[in-house]
Amino acid sequence: MPLTPTSAPNAEGAHEDDVIVARVLAGEIDLFEILMRKYNARVYRAARSVLRDDAEAEDVMQDAYVRAFANLAQFEGRAAFGTWLTRIAVHEALARARRRGKHDSIDVVEERAMSNKTDRGPEAQTSDNELRKAIERAVDKLSDGFREVFVLRAVVEMSVAEVASSLDIAEDTVKTRYFRARAQLRESLEHEIDRTTPEAFPFHLSRCDRVVTGVLTKIHQLTKSKPGDSS
């Protein structure tokens with residue numbers, strides 16, 4: 001039976017991931033595309049939550065996928081594959097942001113945690129599309145540390161444990177930052193936030209195809225550069 005991407009990770013999907021990983025490691029490299037297409041939206045949103053830039057997030061996605069492929073043999077299944085992959089993407093994004101001076105240290109974040117507020121809320125009759133864009137702008141204004149937690153919990157819909165693992169923070173810290181981030185957003189967007197947030201930061205098919213093509217090209221080059229490896 002051919003393997004196909006699933007719409008959302010679950011217990012069955014986690015087992016499917018393990019099967020695909022094993023087959024990729026056995027030489028069926030092109031099956032890595034299934035994992036990319038399954039987790040593209042999650043990885044993109046995670047990277048973008050750190051960088052606040054679409055193009056940079058896409059670059060980080062490719063770097064993260066190539067790194068994940070290169071280290072696939074080290075995936076031991078202690079965490080779900082999607083969590084392991086998200087963790088790699090977050091670390092790649094944080095490293096890039098810090099090199100460019102775009103990400104505050106956590107000490108600075110804690111000091112200004114509640115400082116990013118806006119006086120402008122959406123009009124009563126704003127369309128869903130306009131409201132989604134307003135949410136995206138509001139999320140981008142959240143403090144570093146709080147923004148990533150909010151996106152991974154509310155937009156990507158990861159569990160508290162998965163977010164904690166991806167960001168290397170305690171589960172209690174995830175809960176606290178998520179609560180504070182929601183409070184900041186609620187002040188701007190009032191009661192509309194829960195209805196529209198899952199639609200924020202859409203991952204379009206064109207970007208999905210572009211990332212998959214770029215990564216497959218890189219990993220084929222990577223395998224050809226190693227004597228004895230299957231291509």
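**Exercise 1. Is Ser166 buried or exposed, and what is its relative accessible area?**

Before you start, keep in mind that this is a predicted model.

*Solution.* Start with the location: Ser166 belongs to helix H8. Next, take the relative accessible area, which is 0%. Residues under 20% count as buried, so Ser166 is buried. Finally, look at the surroundings. Leaving aside residues up to four places away in sequence, Ser166 touches Thr83, Thr86, Arg87, Val90, His91, Leu152 and Met158.

**Exercise 2. Describe the overall make-up of the chain.**

*Solution.* Begin by counting elements: there are eleven helices and zero strands. Read along the sequence, this gives the pattern α-α-α-α-α-α-α-α-α-α-α. Then turn to burial, where 47% of the 231 residues count as buried. Last, consider how contacts span the sequence. Taking contacts between residues at least 6 apart in sequence, 74% join residues at least 24 apart.

**Exercise 3. Find the kink in helix H2 and say how covered this helix is.**

*Solution.* Follow H2 through residues 32-51 and you will meet a kink of about 60 degrees, centred on Tyr39. For the covering, go through the 20 residues of H2: 17 of them are buried, and the helix is mostly covered. Just past the helix comes Arg52, with a positive phi near 55 degrees.

**Exercise 4. Work out how H2 packs against H3.**

*Solution.* Step one is the geometry: the two helices pack at an angle of about 130 degrees, and their axes are 8 Å apart. That makes H2 oblique to H3. Step two is the handedness, and here H2 passes H3 in a right-handed crossing. Step three is the contact itself. On the H2 side are Phe32, Met36, Tyr39, Asn40, Val43, Tyr44, Ala47, Arg48 and Leu51, which meet Asp54, Glu56, Ala57, Val60, Met61, Tyr65 and Phe69 in H3. Sorted by class, the contact of H2 with H3 has twelve nonpolar, one polar and three charged residues. Notice that Tyr39, the centre of the kink in H2, is among the residues that meet H3.

**Exercise 5. Now do the analysis for H2 and helix H11 (residues 205-224).**

*Solution.* The axes of H2 and H11 come within 10 Å and cross at roughly 130 degrees. H2 is therefore oblique to H11. The crossing is right-handed. From H2, the residues Phe32, Glu33, Met36, Arg37, Asn40 and Tyr44 take part, and they meet Leu205, Arg207, Cys208, Asp209, Val211, Val212, Val215, Leu216 and Ile219 in H11. By class, the contact of H2 with H11 divides into ten nonpolar, one polar and four charged residues.

**Exercise 6. Characterise the packing of H3 on H4, then place Ala89 in it.**

*Solution.* H3 spans residues 54-70 and H4 spans residues 81-99; their packing angle is about 125 degrees and their axes are 9 Å apart. The two helices are therefore oblique to each other. H3 passes H4 in a right-handed crossing. In H3, the residues Glu56, Asp59, Val60, Asp63, Ala64, Tyr65, Arg67 and Ala68 meet Trp84, Leu85, Ile88, Ala89, Glu92, Ala93 and Arg96 in H4. The contact of H3 with H4 counts nine nonpolar, no polar and six charged residues.

Now zoom in on Ala89, which sits in H4. Ala89 is buried, with a relative accessible area of 0%. Beyond residues up to four places away in sequence, Ala89 touches Val43, Val60 and Ala64. Gln62 is 27 residues from Ala89 in sequence, and their C-alpha atoms are 9.1 Å apart in space.

**Exercise 7. Which phi values do Glu157 and Asp168 have, and where do these residues lie?**

*Solution.* Here is the background: most residues other than glycine have a negative phi. Glu157 has a positive phi of about 65 degrees although it is not a glycine. Glu157 lies in the loop between helix H7 (146-155) and helix H8 (160-167). With a relative accessible area of 59%, Glu157 is exposed.

Asp168 also has a positive phi, near 60 degrees. Asp168 is in the loop between H8 and helix H9 (171-189). Its relative accessible area is 45%, and Asp168 is partly exposed.

Conventions: Residues are numbered from 1 along each chain as its sequence is written. This is a predicted model: local features need pLDDT of at least 70, side-chain atom pairs count only at pLDDT 80 or more; totals for chains, interfaces and linings use all residues. Side-chain values use heavy atoms; hydrogens and water are left out. Axes are lines fitted to C-alpha atoms, for helices over the stretch in contact, and angles run from 0 to 180 degrees between N-to-C directions. Helices (H or I, at least four residues) and strands (E, at least two) are DSSP runs, numbered from the N terminus. Angles under 35 degrees count as roughly parallel, over 145 as roughly antiparallel, 65 to 115 as roughly perpendicular and the rest as oblique. A crossing is left-handed if the near helix is turned anticlockwise from the far one by less than a right angle, and right-handed if clockwise. Contact means heavy atoms within 4.5 Å. Ala, Val, Leu, Ile, Met, Phe, Trp, Tyr, Cys and Pro count as nonpolar, Asp, Glu, Lys and Arg as charged, and the others, Gly among them, as polar. The bend at a residue is the angle between axes fitted to the seven residues ending there and the seven starting there. Buried means under 20% relative accessible area, exposed over 50%, partly exposed in between (1.4 Å probe, protein chains only).
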